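Got your viewer open and a selection box ready? Let's take a short tour, one selection at a time.

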Amino acid sequence: MDRVRKQLHLDEIYHMGLTGKDVNVCVLDTGLFMHRDFTGRVVEFIDFTGRGRKGPYDDSGHGTHVCGILAGSGYAGGGQFMGIAPEAGIIAGKILDREGKGSIEELFSAMDWILSNQRSYQIRLVNISIGIPEKDDFMENQEKRKQLRRYIELLYERGILLVTAAGNFGPENNSLSLLGESTHTICVGCHDGAAKFGNIKKCENYSGRGPSVYSLRKPDLVAPGTQIISCSNRHPAGYVRKSGTSMSCPIVSGLAALLLQRYPGISVEELMQKLRKGTTDLGEPWTKQGYGMIDGAKVFGF
């Protein structure tokens with residue numbers, strides 16, 4: 001995370017005193033392990049998988065890692081692995097099991113809960129680091145696809161920004177996760193720029209590609225996502241490396257949380273435009289990079 005913060009020029013933003021404080025972010029994933037980096041900032045935990053367990057838990061580790069990238073304080077690692085918005089509140093919704101599998105009904109239940117509780121929890125931002133491939137069985141059901149599009153539209157109409165991962169189904173064109181196709185979402189692909197990782201495969205090589213049926217520039221933008229160190233679900237002070245667009249997505253959500261702290265009255269459309277314009281063109285095709293690599297300095301107009 002130290003590398004990512006430097007790469008995205010976030011120091012100037014932190015010098016403004018922006019940390020995500022008083023901004024609640026809803027993360028729909030595999031759950032949340034009570035890592036020390038989340039102390040005092042877990043606003044709510046809801047298990048939509050029907051397993052009947054009480055209190056925050058994460059039997060996979062994926063959701064904990066995502067939450068750490070987005071809003072980990074970095075306390076257990078001396079600040080080195082601090083997330084993008086280290087004082088944001090976390091609302092964790094568990095919609096996936098330990099293998100990262102879930103049903104569309106669990107996703108719909110979570111979206112229903114968000115719409116019903118938006119005011120109570122002041123929800124303006126939702127992170128979904130989940131990839132749904134075009135060939136997924138339940139997405140062959142046209143009624144469910146239509147219902148998913150309607151939920152996405154409702155979140156947008158209610159002023160809630162939905163940030164989604166492009167998925168790891170690339171590099172062929174038309175390999176985006178279905179959650180990211182809509183113009184009412186910010187869909188995040190992976191690109192690490194000039195960073196080197198030896199023999200490790202960069203996630204840009206399998207990041208989902210556009211275009212979508214709604215936009216030629218999809219994903220909307222890209223962010224680093226290879227070998228990202230963030231919170232582990234194995235120990236309250238542990239960290240682990242993971243790669244993929246799931247890791248790129250909360251980087252952008254974290255920047256959105258900082259924007260919401262700076263501009264609390266901003267509309268969801270203005271928020272999306274600031275993120276799209278706050279990018280650097282990498283010279284890649286639109287279907288791979290969208291508007292380009294997210295850059296914190298540009299997002300805030302430095």
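Helices here are DSSP runs of H or I with at least four residues, strands are E runs of at least two, and both are numbered from the N terminus. Keep in mind that this is a predicted model.

**Stop one: Asp59.** Select Asp59, and you land in the loop between β2 (42-47) and α3 (62-71). Is Asp59 buried or exposed? Neither quite fits: its relative accessible area is 22%, and buried means under 20% while exposed means over 50%, so Asp59 counts as partly exposed. Now show its surroundings. Leaving out residues up to four places away in sequence, Asp59 touches Thr30, Lys94, Asp97, Arg98 and Asn233. For a sense of scale, draw a C-alpha to C-alpha distance to Ile266: the pair is 36 Å apart in space and 207 residues apart in sequence.

**Stop two: α6.** Next, select residues 245-262, which form helix α6. How many of the 18 residues of α6 are buried? The count is 16, so the helix is largely enclosed by the rest of the structure. Try its length too: at 1.5 Å a residue, α6 should span 26 Å, and its end C-alpha atoms are indeed 26 Å apart.

**Stop three: α3 against α6.** Keep α6 on and add α3. Their axes are 8 Å apart and the packing angle is about 35 degrees, with a right-handed crossing. On the α3 side, show His62, His65, Val66, Ile69 and Leu70; on the α6 side, show Ser246, Met247, Pro250, Ile251, Ser253 and Gly254. Colour this contact by class and you get six nonpolar, five polar and no charged residues.

**Stop four: α6 against α7.** Swap α3 for helix α7, residues 268-277, whose axis lies 11 Å from that of α6 at an angle of about 125 degrees. That angle makes α6 oblique to α7. The crossing is right-handed here. From α6 come Val252, Leu255, Ala256, Leu259 and Leu260, and from α7 come Leu271, Lys274 and Leu275. This contact has seven nonpolar residues, one charged and no polar.

**Last stop: α4 and α5.** Clear the view and select residues 104-121 for α4 and 142-157 for α5; their axes come within 11 Å and cross at roughly 25 degrees. The two helices are therefore roughly parallel to each other. Here α4 passes α5 in a left-handed crossing. Among the contact residues to show are Phe108 and Met111 of α4, along with Tyr151 and Leu154 of α5. By class, the contact divides into ten nonpolar, one polar and three charged residues.

Technical notes:
Residues are numbered from 1 along each chain as its sequence is written. This is a predicted model: local features need pLDDT of at least 70, side-chain atom pairs count only at pLDDT 80 or more; totals for chains, interfaces and linings use all residues. Side-chain values use heavy atoms; hydrogens and water are left out. Axes are lines fitted to C-alpha atoms, for helices over the stretch in contact, and angles run from 0 to 180 degrees between N-to-C directions. Angles under 35 degrees count as roughly parallel, over 145 as roughly antiparallel, 65 to 115 as roughly perpendicular and the rest as oblique. A crossing is left-handed if the near helix is turned anticlockwise from the far one by less than a right angle, and right-handed if clockwise. Contact means heavy atoms within 4.5 Å. Ala, Val, Leu, Ile, Met, Phe, Trp, Tyr, Cys and Pro count as nonpolar, Asp, Glu, Lys and Arg as charged, and the others, Gly among them, as polar. The expected span of a helix is 1.5 Å times one less than its number of residues. Buried means under 20% relative accessible area, exposed over 50%, partly exposed in between (1.4 Å probe, protein chains only).
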